[in-house]
Amino acid sequence: MIRVFASITDKDPSEVHEWTGSVRGWLCANIDEFDQHAVAPFAVQVNGAILPREHWGRDIEPDDVVDITVQPQGVSLLVAAVTLRETLRPVINAIIPDVPNRATGGGAAGRGVDLSEVKANTARLGGTVPEIFGEFRRFPDYLVPPHRFFSDKKKLSQRFFLCVGAGEYNVPLAGRKIGESQMTALPGVSHTVYDPDEDVSADVNAEWWHSSTEVGATSAGNSGIPLTRISGIDDSPDASIFTVDGTDITIPDGAGTFPAAWNSTLNVRIESYQDYEIITGGTRDIIRGPVDQLGPFVGMKIEVAGDNAGLYEINSYTAGAVVDAGSVSSYTGSAAPSTLDFASSVAVFGIDQLVNAAFFGGNITIDEAFANLAGLIDFINGKFAEKNLPFTAQDNGSGYVEILGAGPPYPGTALNVSGSPAELEQIFGASPVSVTGDETEVTDGEITLSYPDGDPVFGLTENAARMAIGYENMDYSIDSASTSSITVSRLTDTGAVDGSWPGFDFLTSSSVVIYISSTDAAIGWAGPFTACPAGEVTEKIEYDLFFPNGLWETFGQGGSFPESQTIEIQWREAGSSDAWESEVKTVKTRSRDQIGYTFSIDLASAMRPEVRMRRAGAASTAFKFRDVEWYGLRAKLDAPSSYPWTTISVEVEDAEEIAGASENQINVIAKRKIPVLSGGEWTAGNVETADIIPALRYMAESISMPYDDDAMVSLDSLYKSRGDTFNYVFQESTLREAMKTALGAGMAELTLDDGAIKPIRDGVRTTFEQAFSPQNMTGDGLSRSFTSVRPDEPDGVDVEYTDSQTWAQQTVECRLPGDFGDKVETLKLSGVTNRTQAWRIGMRYRRQQKYRRWDYSFNTELEGLNAGYMSYVPLLDDIPGYGQSSIMRNIAAIGDDARITVTEDMDWSGTGHVVAFRNEYGELVGPYSASMGNNNREIVADIPVDVWPDLTERQEPPHVYFGTSDKWTFPALIQSIEPSGGLQVGIRAVNYDERVYADDDNAPPE
């Protein structure tokens, strides 16, 4: 919907139209001879916000409310972002900026970040594209995300593609830096600058790689997601004691449990610690003890944990031998059970035996009815198995229940049975027999070792040593699992199942360590994480692996060997139930330093993939360093092939170590290229420049705003002669503020004159413009007020500016004679990078503080509109002792002079009288030295005939101004002109004082 308001003051629209399409389309269709390029006498708002002219071609949404408001005649929008309140101001007061454009007293907060102070590269999604004028250091903005990847295991490369700014620039080689170092001086750095609209599709740095935010550094301080824990599964059992026996590992009743989620997809590391004897004195130390359970052979790669930890190879093996087989301990009934119906008569007995310094035992409750003795025997054996007891029940051949103790090998300890005599008699009869067997006697096996490099192993811990010995990695696969036991198969150092392994010797001990080493389960994944943002698809992804502790193994003597780690990565369409596609990647190297790898995957089709990863290889041990982290995940997206701005492409390769110090520190010295004035004419092409006026003209041209070319040419010549420049980078700023900033660098201000931009620079004046006196003042006449020095008034100015050599904030002191600097006002200049230029602006401001202390105000009629902002005018009052004004009745020749007759008596006291008058055009003529004629109303002065005024009746009589040369007028500078009612104009002015400009061409003290 389009609403048309005939005036800013109207609350209701004069017209309402339904429209589909753009604002510009409606204007062309409904306004005869509408000129799209001329300055429009109306403002356009969409949903309450000003719509910039360059966006009038935007289509209107169905629910948009478009307001077109006609502006006051002669007042045009200077910039698209100017407010309606500002457009109400009359021409002369439309723009009256401060001098200079500044923040005072420590700075003022703005809407956005001042890009001139930004010291790091950032992404400013949805923000306006910055523009640089003159020469300025710029930390360009990211156009695509930085692309970080491992180009080598110890080289983290980074690719950047950044926006220097809107427009065309010269970016010299010496001004392209990372931090404070020139790119050309840094090894491994390459870079290219592209002009607006230049094709960048062949530049890999311009590729768009979207990084998944879920993959990377963690809150725990890791560089990536550690692939060390199987998600959702406890790594180890909660148990205080284990029994290992062959391929079975059980937890005695009451000693804990295995995790319920353990299953046959898992591998575990098992360290079973036992005591070994170390025999020294030969070329190799001998390890004697329960080594037969290893199934050792010469060349077998083993790992030792505990004492003498390290990686070794078996050099020799001597098997243990049985000296005395020993015998089993038993407890045999003296009669057949007195009943088999234990459901009606429950019987309980306790049983235990000391085995390898640990008691095994528990209570057996018989509470079922059995058809025969065999059923009772099976029931008792089931209870032994349930409680992980190493006992066996059998029929002794005479129909009696017999219990056999642990073994072989046999411990040589008694089997103890206890309970109620009556209940025991039901099971075992009245006189059961207990027999203690003989202990099995064996000689232990022996092994000698070599280091992996073949050197003999000696110097081990002497005498007794507590060690766990197994294949390298001590890896076992779980064949079956419950919460009370697991059955395992041993894996060799290559990961293959060892079918010849005899199993563990029977041992019950608290010195058994078991934990998960790897898994083939569908659990334990990191992720899945979505690689693409919503609405995007990709055909290629990248992932990074990082090894925070390197990837290597040692055998305990300081040497190192290559190690490997395997991961599996899977992907599928995000949110789908499709089958996972998978890739297994194995990395093998020898490095004690942190290393990283980047791998890419070409997808079969464009998709929005979700990706997950897990470690498929074993975890780190005390001698194998293979911790791995998922460092990054990226998806390649479609990127533009060109940009309408100046851009820079940078690739940085860290050759020595993995580091990110170069990121966010790319900066350039950019020199703007725009049309300039040459010989009074604007160049057709762009030229490198830091001149102020070309920047102002460029801004005006960008919104097709007319400008006073003569004023611009004149100021440009002045600025060039003074060396004044404008160097700045804009982000979010209206053109009005940008123009003020540019002119502020040259001590000038921005005004509108008949709808055209006209820059005005205050300076030394020699020629008055029109005069104002009681003859053309209305109301109470001239009001004068003086501001005296206040106790809290600043007695010095400090100017902050950005130095062009260091690009750091610098301060220059601005002091007048008598300034102590006890209370200093701080000015923060924008666009000034030269100390002398900053000092001159500061001194101008300080001198204004000190010497502009008179304020004038008065009312006049419409002739007040003939004045302009900063017009240099004489003001007269009717105060005795100062200038006088009257009406000219006649002017006639008297010899070579002119004799003026006026309507009032003139005060001829004092010396050095002067006279001036206003001609028919409103211009001031004079002053001229004056003497008295025949009376007080006659003034004689040497006034050339050709400037005599027209005294015909059709003209208003000229106003005459008279007084002494030092008091005939109050020189003033117009500050504002405000129409009031139909014929009245209010004017405010300040006193003119040449001392304000005394330092305009000076240099700051050293």
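Trainee: Why is arginine 466 called partly exposed?

Mentor: Arginine 466 has a relative accessibility of 31%, and because buried means under 20% relative accessible area and exposed over 50%, with partly exposed in between (1.4 Å probe, protein chains only), this value earns the middle label. Please keep in mind that this is a predicted model, in which local features need pLDDT of at least 70 and side-chain atom pairs count only at pLDDT 80 or more, while totals for chains, interfaces and linings use all residues. Residues are numbered from 1 along each chain as its sequence is written, and side-chain values use heavy atoms, with hydrogens and water left out.

Trainee: What makes the contact of arginine 466 and aspartate 275 a salt bridge?

Mentor: The term asks for a side-chain nitrogen of Lys or Arg within 4 Å of a carboxyl oxygen of Asp or Glu, and here the N to O distance is 2.9 Å, so the pair qualifies. Arginine 466 belongs to strand 37 (residues 463–471) and aspartate 275 to strand 23 (residues 274–279), 191 residues apart, where strands are DSSP runs of E with at least two residues, numbered from the N terminus.

Trainee: How do you know that glutamate 446 and arginine 288 form a salt bridge, and which parts does the pair tie together?

Mentor: Their side chains meet at 2.4 Å, N to O, which satisfies the rule for a salt bridge. Glutamate 446 sits in strand 36 (residues 445–450) and arginine 288 in strand 24 (residues 286–289), so the bridge joins parts that are 158 residues apart in sequence. Arginine 288, at 27% relative accessible area, is partly exposed.

Trainee: Are glutamate 610 and arginine 572, which form a salt bridge, buried or exposed?

Mentor: In this bridge the closest N and O atoms are 2.9 Å apart. Glutamate 610 has a relative accessible area of 11% and arginine 572 a relative accessibility of 18%, and because both values are under 20%, both residues count as buried.

Trainee: What makes the aromatic pair of tyrosine 597 and phenylalanine 599 stacked?

Mentor: A search of the whole structure finds 41 aromatic pairs. In the pair of tyrosine 597 and phenylalanine 599 the centres are 6.2 Å apart, with 5° between the planes. Rings of Phe, Tyr and Trp (its six-membered ring) pair if their centres lie within 6.5 Å, and planes under 30 degrees apart count as stacked, over 60 as edge-to-face and the rest as tilted, so the pair is called stacked. Tyrosine 597 and phenylalanine 599 are also buried.

Technical notes:
Helix = DSSP H or I, 4+ residues; strand = E, 2+ residues; numbered from the N terminus.
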